Amino acid sequence: MKSWFTSLSGTITLSAMTLISFVGYVFLMSRYFLENWIPGDSAAMMETIGVLLIVGGWLRTLFVAAGGSRSGLIALFSFSLFTTLIALYDLPQPGPWPSLIIIVAMLTLSIISLTLVAFQFRQRSAED
Amino acid sequence: MKNWLTSPSGTLILAAIAFLTFAGYTFLSALVLGNWNLDSSMAAISIVVVVILTGVWLWALLFISQDSKGALIAVLILSLLNILAGGSDILVFCPTPCQGYWPLAEIWHWVMVLTGLIATISVGLHLRRIASQEKNH
């Protein structure tokens with residue numbers, strides 16, 4: 001079990017789960033907050049493009065990292081760090097139920113992903 | 001062109017585009033749902049559905065490059081769902097020209113149908129190629 005977690009496929013799987021939790025988080029935030037904060041058609045268009053760039057970039061990174069690329073792993077680390085910071089920012093004021101659940105899930109998965117990617121770096125450094 | 005369409009990399013790229021269209025569609029749907037003032041339990045149900053569909057999409061995309069038949073069938077079903085969702089919006093829920101989030105929603109509904117259709121054709125041809133290869137062996 002421990003060896004699966006610290007393997008490349010374990011790291012990719014956990015990062016994919018973090019991406020899923022991010023999609024869920026974005027879904028909830030757009031439902032509860034974005035429409036009230038920044039209403040309007042052009043705002044919706046810009047937000048949709050922003051979300052697609054993040055999800056698309058993350059997806060591409062997953063494929064690149066699955067091939068064993070170091071730059072792919074660095075990008076995965078950056079995405080996990082990004083979601084960790086978002087979750088930490090939102091944790092004190094989570095909003096209506098079930099926002100807290102998805103924020104805690106995103107935070108937990110992001111931290112696990114960060115740890116696993118860092119472990120991959122350490123393993124590669126030891127091999128080099 | 002047809003070779004690229006049925007190749008593993010072609011199928012993967014087209015399926016990834018269909019997934020991104022789905023991700024954008026769920027985001028737009030959430031904006032629309034925000035205006036409906038639904039209760040929290042409905043939000044919880046909708047988020048569970050979104051998370052499950054996203055999970056299946058990602059699993060299928062990660063395994064499609066290994067020519068996994070299960071992943072290809074999952075992408076085929078999910079692409080058909082894209083067509084169904086986009087088509088139902090065009091015909092029933094927000095008939096064309098859809099005025100909600102104009103012109104984004106209108107464009108998105110057609111993009112959902114188009115990307116779903118292309119991904120379905122690509123995966124269908126890919127599956128047929130695998131089946132014929134298996135038959136020859």
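Which element of chain B has the lowest mean pLDDT, and which the highest? Helix 1 (residues 2-6) of chain B has the lowest, 78, and helix 4 of chain B has the highest, 96. Here pLDDT is the predictor's confidence in each residue, from 0 to 100, and helices are DSSP runs of H or I with at least four residues, while strands are runs of E with at least two, numbered from the N terminus. This is a predicted model, in which local features need pLDDT of at least 70, side-chain atom pairs count only at pLDDT 80 or more, and totals for chains, interfaces and linings use all residues. Residues are numbered from 1 along each chain as its sequence is written, and chains are lettered from A and ligands numbered from 1 in the order in which they are written. Chain B has a mean pLDDT of 90, with 99% of its residues at 70 or more, and the model scores ipTM 0.87 and pTM 0.91.

Let us start with chain A. Its secondary structure comes to 5 helices and 0 strands, and its C-alpha trace spans about 50 × 25 × 20 Å along the principal axes. Of its 128 residues, 41% count as buried. A residue is buried if 20 or more other C-beta atoms, placed from the backbone, lie within 10 Å of its own, exposed if 12 or fewer do, and partly exposed in between.

Now look at where the two chains meet. The contact takes 28 residues from chain A and 25 residues from chain B; two residues are in contact if their C-beta atoms, placed from the backbone, lie within 7 Å. On the side of chain A that touches chain B, helix 2 of chain A gives the most, with 13 residues. By class, that side of chain A has 21 nonpolar, 4 polar and 3 charged residues. Ala, Val, Leu, Ile, Met, Phe, Trp, Tyr, Cys and Pro count as nonpolar, Asp, Glu, Lys and Arg as charged, and the others, Gly among them, as polar.

A nonpolar core is a set of buried Ala, Val, Leu, Ile, Met, Phe, Trp, Tyr and Cys residues joined through C-beta atoms within 7 Å. The largest one here has 69 residues, and V23(A), A15(B), L61(B) and V75(B) touch the most other members. Its largest share, 13 residues, comes from helix 2 of chain A. Leaving out residues up to four places away in sequence, V23(A) touches V55(A), A23(B), V50(B) and T54(B).

Next, follow chain B into the loop between helix 4 and helix 5, where P97(B) sits. P97(B) is exposed because it has 10 other C-beta atoms within 10 Å. Most residues other than glycine have a negative phi, and most peptide bonds are trans. The peptide bond from T96(B) to P97(B), however, is cis, with omega near 0°. Another cis bond, with omega near -5°, runs from W102(B) to P103(B). Y101(B) is found in this loop as well, and its phi is positive, near 45°. Is Y101(B) buried or exposed? Y101(B) is buried, because 21 other C-beta atoms lie within 10 Å.

After the loop comes helix 5 of chain B. Its 33 residues should span 48 Å at 1.5 Å a residue, and its end C-alpha atoms are 47 Å apart, which agrees. The expected span is 1.5 Å times one less than the number of residues. The buried residues of this helix include W108(B), M112(B) and V123(B).
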